[in-house]
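Got the sequence and the model open? Let's walk through it together, one question at a time.

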Amino acid sequence: MLPDLRQGAHANLLGQLAMVASSVSYAGAALFARSRLRGQPALVSTTGQLTMGAIWIVPLSLLVGGLQLKGVPSLPALASWLGLTILGTVIAYVIYFRLIERTSAAFTSTVTYIIPVFGLILGALVLNEPLSLTLLVSLGLILAGVLLVRR
């Protein structure tokens, strides 16, 4: 039993460390973008970031997962992928880099705090997920924090 417990604690610790590392990386990226990409058009920064991401992730995904295509993707699947790529990534990053140019890196990074707010609201409206008092208080604290950073 004890080795299993240590293995579980170790796996949990690695996940927590990965989350902390990703948060620090995200904050550092905003500061880096603010200091090094000033004056660069937002579309150029977006293109560079997404191109470098693809250069890293495509070979790595093929190495780890292999090529596992099972037929040609359907038209709705391709349309969904294209919509997520253009609306959810390209346009979002253009807006992100414009915000970094016009405001502070700290203010721009608060955008990520709004995602859970929309997720909970859409979950309640679209999927009929229950909203508890704890969730509503949490949403209020998130919005209050974003407003405090804005001031």
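**Following one helix**

Q: How many residues does α3 have, and what distance does it reach from its first C-alpha to its last?
A: Keep in mind that this is a predicted model. At 1.5 Å a residue you'd expect 40 Å for this helix, and the model comes close to that. α3 has 28 residues and reaches 39 Å.

Q: At which residue does α3 bend by about 25°?
A: The angle compares an axis fitted to the seven residues ending at a residue with one fitted to the seven starting there. For α3, a bend of about 25° shows up at A92.

Q: Is L87 buried or exposed?
A: L87 has its place in helix α3. The cut-off for exposed is over 50% relative accessible area. L87 is at 59% relative accessibility, so it counts as exposed.

Q: Which residues of the largest nonpolar core come from α3?
A: This core has eight residues: A30, A33, A42, V94, Y96, F97, I100 and A105. Two elements, α1 (2–36) and α3 (75–102), each give two or more residues to the core. α3 gives the most, with four residues. The buried residues in α3 include the ones you're after: V94, Y96, F97 and I100.

Q: Which residues does I100 touch, leaving out those up to four places away in sequence?
A: I100 is one of the core's eight residues, and it is buried in α3. Two of its contacts, A30 and A33, are listed in that core too. The full set of residues I100 touches, with that sequence limit, is A30, A33, R34 and T108.

Q: Are the rings of Y96 and F97 stacked or edge-to-face?
A: Searching the whole structure turns up three aromatic pairs. The ring centres of Y96 and F97 are 5.4 Å apart, with their planes at 70°. Planes over 60 degrees apart count as edge-to-face, so this pair is edge-to-face.

Q: Which residues form one aromatic cluster?
A: Y96 is buried at a relative accessible area of 12%, and F97 counts as buried at 9% relative accessibility. Both belong to the cluster, along with a tyrosine. The members are Y93, Y96 and F97.

Q: Which residue's backbone oxygen lies 3.5 Å from a polar atom of the T46 side chain?
A: T46 lies in helix α2 (residues 42–65) and is buried, with a relative accessible area of 1%. Leaving out residues up to four places away in sequence, T46 touches V90, Y93, V94 and F97. The backbone oxygen at 3.5 Å belongs to Y93.

Note on methods:
Residues numbered from 1 in each chain as written. Predicted model: local features only at pLDDT ≥ 70, side-chain atom pairs only at ≥ 80, totals over all residues. Heavy atoms only, no water. Core = buried A, V, L, I, M, F, W, Y, C linked by side-chain atoms within 4.5 Å. Buried < 20%, exposed > 50% of the residue type's maximum accessible area, 1.4 Å probe, protein only. Contact = heavy atoms within 4.5 Å. Polar contact = N/O pair within 3.5 Å; in protein donor to acceptor, adjacent residues only side chain to side chain. Expected span 1.5 Å × (residues − 1). Phe/Tyr/Trp six-rings, centres within 6.5 Å; stacked < 30°, edge-to-face > 60°.
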